[in-house]
Amino acid sequence: MLLGEQDQFLSYNGEVLVFQLSNPKHAEEADNKTMNLCVRRMAFNRDTKLFVQKSSGAFSMGASHSKIEMVCCSCTTDSRTGLILPCILMKKQKRNSIKYFLLLLHSSNQFEPSFYFKLDYELKEDIRLFAGPSLLWRHANKLFYISSNTCVVQSAPVHLSCVVWTGEIVGEGTVVLGIRTACLPETKDPDGFSVSDRAIWGSEFFGYAIQSQKFLSGTCFMPHAYSRVVSSAYICRNERLRKQLRISLVAITHKNQLIWFQNGAPKGVCELPYEKPCSVKPAVTSSSDLLFAVSFASGNSCVVQRRDSLQVASKWQKVKCVLVDDFIGSGSEQLLLLFKDDSNTDVLSTFKITDLGEVNYASGINYKHDVPAAEGLQENGLLTVRALETRLQAGWTSVRELQQHLGLQKRVILESCRALIDLVEERTHILPNSNKVKCSRWEGLVSLWDDVENPPDSLSKETSSASEVPEHFTEELWQRVVGDSLVVGVKLTESFYLSLSDVSLSLVMNQDFSSISPIIKCQSKIIQLNKAFSALAVSSSQIEPPPKKMKLDLHSKNDLRKDFPKRSSRIQLDGAKTVTAVTSLPPLLAFHRVCCVVLLHARKQNHQNDGLQQSKKITVLCGKILLSLEDISSGRYSIKMLRDNSYCTGSMEDILAVLAVSVKFSFQIVSCDCTLTPVSSWLLGEMECTPFKECQDNIFCHKAGNVHGTIFNWALKNPFEGALTIFCRNLTVLFQCLHSLTRALPPGCSVKLLRSGSKAVLNEQLALALEKEMLTLKNSLFLKETKAGNSLTWGTESGKKINNAPLASLLDTEEGVQQFRKKLQKEREESVQSLNQTLNGALYQKTALKIAEAQLSSDMIVWRLA
């Protein structure tokens, strides 16, 4: 394919797009010809080191009695989809009228007309394409622009002599950076330097935001003194810090210079090797170097490297085009230079790809010479194959050893599960003896205890004490099926929390399965309802903050509940407490009938005289549950939430089951102009909610669809502010509820997500946590004073006392002086040793554990308040 003078090149996603217009063969046939805009997608092949065509497309245009040209092309953002697409500005001229239209190129090589407009003059100065797609140009020192949203040419209220840059700035949208005649204020400007600078040079920089039609101060870009020499610029980075705009840019001048500006001040300058620089493009290479490719009107190019200072790294002549993209697919950018070559007119025939580092490809180079000679290749290949075979054999050996280890580990876990089932059911578990060890099934598995028939009394006592818990903490065991989840609940007595914490449930299958573990993975949650049922308190599932300290928990290394995220602490209210375990139902139904043992795990705290707490794990057998397909099909354990005289009927277990599988989200709704009465109408009307009989603030959603079963709690703080709590199954249901709510709320309402409950409750919890932390630190210091003496090692010997004679009598004789000197030395040694007291290791470990737990508790509450 031959190149014409008006061909355009554009880089897009590592490819080179070549746009060409097909001309009629004969000039006399031009009146009835159609002209085609063709595009070819060229990609670099790393094997052949050449550009090859991937695909092509064409767009037909009527060219009767008209002249069609390509004005410019660029990659812009399509406001409809947010995708960056190639955009081409076309010109169609007929006698006295000029028509311009924009085309978008899609990935399927289909051209889409975006918009068109007519002018009575030709676009020549500062033509820029930007997001929309939109077009901007300068004519008669005025700024004009048109967007695909309006399709109407608009004029900006500004006179300017040059457009330096056009692009996006954080918080301002599309901004035009230009130069205009200085507009000095009539009153005294607090920025005196800026006023005097503009008065001296007679021109100034300014920024104009297209969308907001707002002017930005030009001093945040560069000083006004450079307005007489700068011809083009490129903003490399822009950000807002404390509502102040921070800009880093590079500019080229008529004085053949490239200048680096940081926050409006010049930071570096570099002399360019050629005259009349036109444009500058940045590139970030694989070595994280920032390069600036500068193009000149003479067809030359150079690259300026920015490290410690700006310096010209390379330069080329007779360059047709410079593109920046990842052409070789390395993950970083390279420069593609297309050279002018009169002898070869093929597409991308003469080029160079480089990043001034490891990447360096050029056309016309025979890369076959870089391949090693064929001599000795066969021998090297044979040695390589042998080495690979050896590594493969070693890998298979490692895999077999790993499989044996996993099999042994699986058998140990299964035997431990059987021992656990026998323990909770108060059966004597028989450990595998030496005869079983010899079998192939127990190969490599030996008992950790001695193979004796009668175990020691201490062991039997310890085993019996683990299952016998004298206290009665449970009142009721129930189960419900909610969707694909099985919910098992255990109702606790009101005195439960007086001595226990860290409560969870475990489900253990009673069947003897030889291939799977009988322990069922589940998530525990604690739900607490007060006696009047005026509030719901569900353990939150908030994500914990990043750890500031390492939690020292020496007593829970083998806790099974580490498989799922830990829930937050409970809210202490009067009334019944229930511990629930939620697990997936379909895996259990695969066995048709399942019998599970329900175990309650807790940690009992024993206060000692020294102020520390000793924790002891206990396990309580709550009972068994039976589950079968017949029960599921008959709906025996399904929740039943029905309407009865505008109220929702349902047992307490049904309500707790829905709360167990739900996730809690709290929102603060504030309306400045209108009252929040539409929220109640929305809940009772569109969402088809009915309140519970026990508490009308908590309502159940009966609306068909995904939102069915959602529980709401609406509490008004005042007519203009309230809190809405949603208990929903997943985020999809939450978004549906919020979408419906926003349509019902009056305009101007703000909805804010609350991290965890009300701020008043969190403040009270924080005060209690800080008080506990202070008392823990005080007790630890008190322990150091009282118990350190037992762990100290003193240097003085017992039984040797110095005679406390009067000082005057000691100093009369030489022996008295020596005795006084020894006494003084001993007192000095005792004083130094008293400063280096050392705690016992076990006591220090317990103290550090208590301090860390108290600090973690207060840090968690502070994070939720943030």
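## Loops, cores and rings in a predicted model

N263 is partly exposed, with a relative accessible area of 34%. That residue sits in the loop between β19 (257-262) and β20, and its phi is near 55 degrees, a positive value in a residue other than glycine. Bear in mind that this is a predicted model.

N13 also has a phi near 55 degrees, again positive and again not a glycine. Its loop runs between β1 (8-12) and β2 (15-22). With a relative accessible area of 63%, N13 counts as exposed, because the cut-off for that label is over 50%. As background, most residues other than glycine have a negative phi, and most peptide bonds are trans. On the peptide-bond side, the link from G132 to P133 is cis, with omega near 0 degrees. Here are the backbone spots together:

| Residue or bond | Backbone angle | Loop |
|---|---|---|
| N13 | phi near 55 degrees | between β1 (8-12) and β2 (15-22) |
| N263 | phi near 55 degrees | between β19 (257-262) and β20 |
| G132 to P133 | omega near 0 degrees | P133 between β9 and β10 (134-139) |

P133's loop, between β9 and β10, leads straight to a sheet. Four strands make up this open sheet, ordered β9-β10-β11-β12 with antiparallel pairing. At the edges are β9 (125-130) and β12 (154-159), each of which pairs on one side only. On average, neighbouring strands here are turned by 20 degrees against each other, ignoring direction. Zooming in, β11 (residues 142-147) and β12 share three bridges in the antiparallel sense, and Y145 has Q154 in β12 as its bridge partner.

Now for the aromatics. Y100, F115, F117, W137 and F144 form one aromatic cluster. Searching the whole structure turns up 15 aromatic pairs. Take Y274 and F296: the ring centres are 5.3 Å apart and the planes are at 80 degrees, so this one is edge-to-face. Y274 is in the loop between β20 (265-271) and β21 (277-284) while F296 is in strand β22 (residues 290-296), so the pair ties together parts that are 22 residues apart in sequence. Both Y274 and F296 are buried.

What about the nonpolar interior? The largest nonpolar core has 28 residues, and those with the most contacts inside it are L486, L505, L588, V598 and L600. At least two residues of this core come from each of β30 (485-492), β31 (500-509), β35 (577-584), β36 (593-607) and β37 (613-628). V598 gives a good view of the packing: beyond its neighbours within four places in sequence, its contacts include L477, V488, V490, L505, L507, V620, L621 and I625. There is also a second, separate core of 23 residues, with V679, V733, C737 and L745 among them.

Helix α7 (residues 652-661) is worth a look too. Nine of its 10 residues are buried, so the helix is largely enclosed by the rest of the structure. The buried set includes the charged-type names E653 and D654 as well as I655, L656 and V658.

Finally, the chain as a whole. The secondary structure comes to 13 helices and 45 strands. Of the 866 residues, 40% count as buried. The accessible surface is about 49500 Å², with 52% of it belonging to carbon and sulfur atoms. Among contacts with a separation of 6 or more, 55% join residues 24 or more positions apart.

Technical notes:
Residues are numbered from 1 along each chain as its sequence is written. This is a predicted model: local features need pLDDT of at least 70, side-chain atom pairs count only at pLDDT 80 or more; totals for chains, interfaces and linings use all residues. Side-chain values use heavy atoms; hydrogens and water are left out. A nonpolar core is a set of buried Ala, Val, Leu, Ile, Met, Phe, Trp, Tyr and Cys residues joined through side-chain atoms within 4.5 Å. Buried means under 20% relative accessible area, exposed over 50%, partly exposed in between (1.4 Å probe, protein chains only). Contact means heavy atoms within 4.5 Å. Accessible areas come from the Shrake-Rupley method with a 1.4 Å probe; for residues, only the protein chains shown count as cover. Two strands pair if DSSP finds at least two bridges between them. Axes are lines fitted to C-alpha atoms, for helices over the stretch in contact, and angles run from 0 to 180 degrees between N-to-C directions. Rings of Phe, Tyr and Trp (its six-membered ring) pair if their centres lie within 6.5 Å; planes under 30 degrees apart count as stacked, over 60 as edge-to-face and the rest as tilted.
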